[in-house]
Each structure stands twice: as C-alpha cells, then as structure tokens.
Amino acid sequence: MFIFNKKYFYFTLILFLIEVCIAIFINDSLIRPFIGDVLVVILIYCFVKTFCNIHSSIVALSVFAFSCTIEILQYFNFVNNLGLQKYKILAVALGSVFDWKDIIAYAIGTITVLWLENRT
C-alpha cells in the first residue's frame, strides 16, 4: 500500500511551484481563484499518489470530498471559530469565504484527474 512513486512526486513538485507562482504573482478573477482551485485538487491527488498505491478513482473522489468539506467549513467560518486566523499561511490555505464556484473548480480538477488516469 505504501510506496514512493517518483512520477507523482515530480508532478507534486511542479504543481506546488505553479500554485506558489499563482499565489505570489497573479491577482486576477480567473487564474488565481478558479484555475488555482482546479490545480490544487490535482496537486493533492498527486501528493497522495506519491506515497500510496490506491486506485486512482478512490483517491480522486476522496480528494474531491476533502476539498468540498473544507469549502463547506468555510461557510461556517471555521477558521475564525477555531482561532486560526492569526496563522496567516494556514488561514490562506484553508480559506475563509464559501463559494460555489470553488466546488465547480474542484469537480473540474477531479474530472481532469479521472480522465488523465483512465485514458488508454
């Protein structure tokens, strides 16, 4: 079950660097809020696949469920309720504003992963 997969490790690194570049250099209404959310699902998927040999659909759907859970928790303002707002990086990573478009972005990221993993 536990492995180290170099391919997914490299994808994770590349996607992480892209996400950092988006966060630092881009402040628009499409790439940062939407494409960044599509890519974060793929990033988390690749991170899990780096260390776990689990079927791709299970990982992809689990990452989607995790992402949606975080988004729903944003609706309830959980960062502030737990007193995490003082930890800037954590607060930014977890987010603070619920948006249905984010769930759509997560779905697109999940569909992209499933399509890439299941094409022949």
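A nonpolar core is taken here as a set of buried Ala, Val, Leu, Ile, Met, Phe, Trp, Tyr and Cys residues joined through side-chain atoms within 4.5 Å. In this predicted model, the largest such core has 18 residues, and those with the most contacts inside it are Leu15, Leu39, Ile42, Tyr45, Cys46, Val63 and Val113. Helices α1, α2, α3 and α6 are the elements that give two or more residues to this core. The top contributor is α2, with seven residues. Apart from this core lies another one, of six residues, including Ile70, Phe78, Ala91 and Leu94.

Since α2 gives the most to the largest core, it makes a good place to look more closely. Helix α2 runs over residues 31–51, and at 1.5 Å a residue its 21 residues should span 30 Å; the end C-alpha atoms turn out to be 29 Å apart, so the two figures agree. That said, α2 does have a kink of about 30°, centred on aspartate 37. Aspartate 37 is also one of the buried residues of α2, along with Gly36, Val38, Leu39, Val41, Ile42, Leu43, Tyr45, Cys46, Lys49 and Thr50. What do these buried residues pack against? Their partners are α1 (6–25), α3 (56–75) and α6 (100–118). Cysteine 46 gives a residue-level view: leaving aside neighbours within four places in sequence, it is in contact with Tyr8, Phe11, Thr12 and Leu15.

At the start of α2 sits isoleucine 31. With a relative accessibility of 30%, isoleucine 31 counts as partly exposed, because buried would mean under 20% and exposed over 50%. Not counting residues up to four places away in sequence, isoleucine 31 touches Ile22, Ile26 and Gly36. Isoleucine 31 and lysine 7 are 24 residues apart in sequence, and their C-alpha atoms are 25 Å apart in space.

Now for the empty space. The largest pocket has a volume of about 1200 Å³. It is lined by 32 residues, and Asp37, Val40, Val92, Ala93 and Leu94 lie nearest its centre. The elements that give two or more residues to this lining are α1, α2, α3, α5 (88–94) and α6. Here too α2 stands out, with eight residues as the largest share of the lining. Two of the residues nearest the pocket centre have come up already: Asp37, where the kink in α2 is centred, and Leu94, which belongs to the six-residue core.

Helix α3 and the loop after it offer a few more details. Leucine 61, in α3, has a relative accessibility of 49% and therefore counts as partly exposed, the cut-off for exposed being over 50%. Leucine 61 and isoleucine 111 are 50 residues apart in sequence, yet 9.4 Å apart in space, C-alpha to C-alpha. Phenylalanine 76 is found in the loop between α3 and α4, and at 52% relative accessibility it counts as exposed. Phenylalanine 76 and valine 63 are 13 residues apart in sequence and 20 Å apart in space, C-alpha to C-alpha.

The loop between α3 and α4 (78–81) also holds asparagine 77. Most residues other than glycine have a negative phi. Asparagine 77 has a positive phi of about 60° although it is not a glycine. Its relative accessible area is 31%, so asparagine 77 is partly exposed.

Terms used:
Residues numbered from 1 in each chain as written. Predicted model: local features only at pLDDT ≥ 70, side-chain atom pairs only at ≥ 80, totals over all residues. Heavy atoms only, no water. Helix = DSSP H or I, 4+ residues; strand = E, 2+ residues; numbered from the N terminus. Expected span 1.5 Å × (residues − 1). Bend = angle between axes of the 7 residues up to and from the residue. Buried < 20%, exposed > 50% of the residue type's maximum accessible area, 1.4 Å probe, protein only. Contact = heavy atoms within 4.5 Å. 1 Å grid on protein atoms, 1.4 Å probe; cavity = no way out; pocket = protein on both sides within 12 Å on 5 of 7 lines; lining within 4 Å. Points joined across faces, edges and corners; volume = space filled by probe spheres on them.
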